[in-house]
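New to this one? Take a look at the sequence and the model below, and then we'll walk through it together.

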Amino acid sequence: FLFYGQEFILYPALLDRPVCDIDLHHPFVLFSIDNILKIITCILTEQRLVFMSSDYALLTPIMECLFTFIQPFVWRPTYVPVLSSIMIDLLSAPGTFAMGCHSKFSERVSEESEGLVVVDLDQGSVSVCPTLNVPKLPKLAAEVFKARFKKIPKPFDLQCSRPFLTDPSEERAVRREHRVALNSHIKAAFVEMIVILLRE
């Protein structure tokens, strides 16, 4: 395209390069492994998902992490990571969606709970409407994922034997390297789980 007489060429994004450079271990700080697998099952079966938190800043990165876990699949239905107060009525919209809202709207979410899966980031809980028939993740896929996850190294800040660096730029580089490696391990564990799901 042309901009003030200057020609610019935009190349397609690389599919193996993440759009958001985020720490994929964050959901595991908030949820148990069983609850994360339950959320992934709800995402793969395209349930109506509502994420709640008392901190707006948590909604988007956590939801982005969870959608990254289902790669190479992509969440195609409606996706609104943060609902404002004037948009809260969208929770009653028909069809499949994934929406995030502040926990102060919990009463409103309870009123609209029919057919919803409510994911509470503050409590680390997942509430599935009793009328929903959400299938359980196959036992083999869950066991393989849990076994592989136990071998994944801890986040940099939780390591007792991490190196002590006095140069800030060097520490940033080490943190970056560790985060990239940790993200790769987590994504590989989920890819292996999805491959098992496709085989069964």
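Here is a short tour, starting with the whole chain and ending with a single residue.

## The chain as a whole

First things first: this is a predicted model. The protein chain has 6 helices and 7 strands. If you read along the sequence, they turn up in the order β-β-α-α-β-α-β-β-α-β-β-α-α.

The chain has 200 residues, and 37% of them are buried. About 12,400 Å² of the protein chain is exposed, with carbon and sulfur atoms supplying 57% of that area. As for who touches whom, take the contacts with a separation of 6 or more: 65% of them link residues 24 or more positions apart.

## Helix H2 meets helix H5

Now zoom in on helix H2, which covers residues 33–44, and helix H5, which covers residues 139–149. Their axes come within 11 Å of each other and cross at roughly 130 degrees. An angle that is neither under 35 nor over 145 degrees, and not from 65 to 115, counts as oblique, so H2 is oblique to H5. The crossing of this pair is right-handed.

Which residues do the touching? On the H2 side they are Ile33, Asp34 and Leu37, and on the H5 side they are Ala142, Phe145, Lys146 and Phe149. Sort the residues of this contact by type and you get 5 nonpolar, 2 charged and no polar.

## Helix H2 meets helix H6

H2 also packs with helix H6, which runs over residues 168–199. Here the axes are 13 Å apart and the angle is about 55 degrees. That angle makes H2 oblique to H6, and the crossing is right-handed.

From H2, the residues in this contact are Ile36, Leu37, Ile40 and Leu44, and they meet Phe190, Met193 and Leu197 of H6. By type, the residues in this contact are 7 nonpolar, with no polar and no charged ones. Keep an eye on Leu37: this H2 residue appears in the contact with H5 and in the contact with H6.

## A closer look at Asn183

Let's finish with one residue of helix H6, Asn183. Is Asn183 buried or exposed? Its relative accessible area is 10%, so Asn183 counts as buried, the cut-off being under 20%.

And what does Asn183 touch, once you leave out residues up to four places away in sequence? The answer is Ile22, Asp23 and Leu24.

Note on methods. Residues are numbered from 1 along each chain as its sequence is written. This is a predicted model: local features need pLDDT of at least 70, side-chain atom pairs count only at pLDDT 80 or more; totals for chains, interfaces and linings use all residues. Side-chain values use heavy atoms; hydrogens and water are left out. Axes are lines fitted to C-alpha atoms, for helices over the stretch in contact, and angles run from 0 to 180 degrees between N-to-C directions. Helices (H or I, at least four residues) and strands (E, at least two) are DSSP runs, numbered from the N terminus. A crossing is left-handed if the near helix is turned anticlockwise from the far one by less than a right angle, and right-handed if clockwise. Contact means heavy atoms within 4.5 Å. Ala, Val, Leu, Ile, Met, Phe, Trp, Tyr, Cys and Pro count as nonpolar, Asp, Glu, Lys and Arg as charged, and the others, Gly among them, as polar. Buried means under 20% relative accessible area, exposed over 50%, partly exposed in between (1.4 Å probe, protein chains only). Accessible areas come from the Shrake-Rupley method with a 1.4 Å probe; for residues, only the protein chains shown count as cover.
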